[in-house]
Amino acid sequence: MFKRLPDKISLSTILIILISTFVWALPKETIVKFASQPNPFDSRNQNTSIIYYLNSNAETTLKIFDLLGFMVKEYRFYSGENGAKKGWNRISWNGENEVGRKVSKGGYICFLEVNDNGGRSTAMYKIGVVH
């Protein structure tokens, strides 16, 4: 009726069991796609569109950081509104910081955080600003 377990189980068997259990327990990923267009962009005469796809309506925060780690821009969206709705979302960034000044040319990190009933999902994407 019951199978007797072997006296010895290899380390690889234990790892396979642990990994498969862990993967099965992971929530379905909320953020599916994440990009910006155009990238790089010239902030003197154009905007970039930050585009992402969500599997569900969820509270969403989008932060843009310079390469020193300082936050230059933040967007917050409540579940179900544009920027936090199920499906494709498009946010336009004109290259300005929180006080309305154009950022310097260089690299920036766009950090997307999504909080829904399944937990918290994050994603990062690089954006280039040229002049």
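**Exercise 1.** Leaving aside its neighbours within four places in sequence, with which residues is Thr 48 in contact? Characterise the surroundings of Thr 48 in this predicted model.

*Solution.*
Step 1. Locate the residue: Thr 48 belongs to strand E3, which covers residues 48-54.
Step 2. List the contacts. Once neighbours within four places in sequence are set aside, Thr 48 is in contact with Ser 36, Gln 37, Pro 38, Phe 41, Ile 91, Ser 92, Trp 93 and Ile 127.
Step 3. Classify the exposure. Buried means under 20% relative accessible area. The relative accessible area of Thr 48 is 0%, so Thr 48 is buried.
Step 4. Examine the side chain: that of Thr 48 reaches the backbone oxygen of Pro 38 at 2.8 Å.

**Exercise 2.** Determine where Ser 104 lies and how far Ser 104 is from Ser 43 in sequence and in space.

*Solution.*
Step 1. Ser 104 is placed in the loop between strand E6 (87-93) and strand E7 (106-116).
Step 2. In sequence, Ser 104 and Ser 43 are 61 residues apart, while their C-alpha to C-alpha separation in space is 9.2 Å.
Step 3. With neighbours within four places in sequence left aside, Ser 104 is in contact with Val 129 and His 131.

**Exercise 3.** Establish the strand order of the open sheet of five strands and identify its edge strands.

*Solution.*
Step 1. The order is E2-E8-E7-E4-E5, and the pairing is mixed.
Step 2. Strand E2 (41-42) and strand E5 (71-77) are the edge strands, each pairing on one side only.
Step 3. Within the sheet, strand E4 (residues 59-66) pairs with E7 in the antiparallel sense over eight bridges.
Step 4. Opposite Ile 64 stands Cys 110 in E7.

Terms used. Residues numbered from 1 in each chain as written. Predicted model: local features only at pLDDT ≥ 70, side-chain atom pairs only at ≥ 80, totals over all residues. Heavy atoms only, no water. Helix = DSSP H or I, 4+ residues; strand = E, 2+ residues; numbered from the N terminus. Buried < 20%, exposed > 50% of the residue type's maximum accessible area, 1.4 Å probe, protein only. Polar contact = N/O pair within 3.5 Å; in protein donor to acceptor, adjacent residues only side chain to side chain. Contact = heavy atoms within 4.5 Å. Pairing = 2+ DSSP bridges.
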